[in-house]
Amino acid sequence: MTGIDALRVPFLAVHGEHDTNVPPGESEQFVRAARERGVPAELLTLRNEGHDFLRADSRRIYRRAAADWIERHLAR
């Protein structure tokens with residue numbers, strides 16, 4: 001959350017639902033705080049994943065979401 005007030009660009013957070021290194025609630029909190037400040041923010045939670053995304057289908061979902069996000073926010 002340090003520096004959230006300085007965030008001025010759209011943000012995509014990707015988190016595994018079973019992450020034991022970084023609690024998923026931290027990404028939820030960051031995205032919520034960004035939105036409250038008017039910064040476009042999205043959260044993709046990958047089911048059945050931890051801190052690392054090990055399943056091929058999760059990596060495909062992540063890549064598709066990232067490509068869509070880039071197209072919406074950067075390819076203008």
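This tour follows helix α1 and its surroundings in a predicted model.

Begin by selecting residues 24–36, which form helix α1, a run of 13 residues that reaches 19 Å from its first C-alpha to its last, close to the 18 Å expected at 1.5 Å a residue.

Next, within α1, show the side chains of S27, F30, V31, A33 and A34, which are buried. They cover an arc of only 165° around the axis, and therefore sit on the same side of the helix. Then turn to the face directed away from this buried side, where the exposed residues R35 and E36 are found.

Add β1 (11–16) and β2 (41–46) to the selection, since these are the strands against which the buried residues of α1 pack.

Two of the buried positions can then be taken one at a time. S27, in helix α1, has a relative accessible area of 13% and counts as buried because that value is under 20%. Leaving aside residues up to four places away in sequence, S27 touches A13, H15 and L43. With the same exclusion, V31 touches A13, A41, E42 and L43.

Now select I4, L7, A13, F30, V31, A33, A34, V39 and A41, the nine residues of the largest nonpolar core. Helix α1 gives the most to this core, with four residues. In soluble globular proteins, nonpolar side chains tend to be buried together.

Finish just beyond the helix at G38, which follows α1 and has a positive phi, near 85°.

Conventions
Residues numbered from 1 in each chain as written. Predicted model: local features only at pLDDT ≥ 70, side-chain atom pairs only at ≥ 80, totals over all residues. Heavy atoms only, no water. Helix = DSSP H or I, 4+ residues; strand = E, 2+ residues; numbered from the N terminus. Expected span 1.5 Å × (residues − 1). Buried < 20%, exposed > 50% of the residue type's maximum accessible area, 1.4 Å probe, protein only. Arc of directions from axis to C-beta. Contact = heavy atoms within 4.5 Å. Core = buried A, V, L, I, M, F, W, Y, C linked by side-chain atoms within 4.5 Å.
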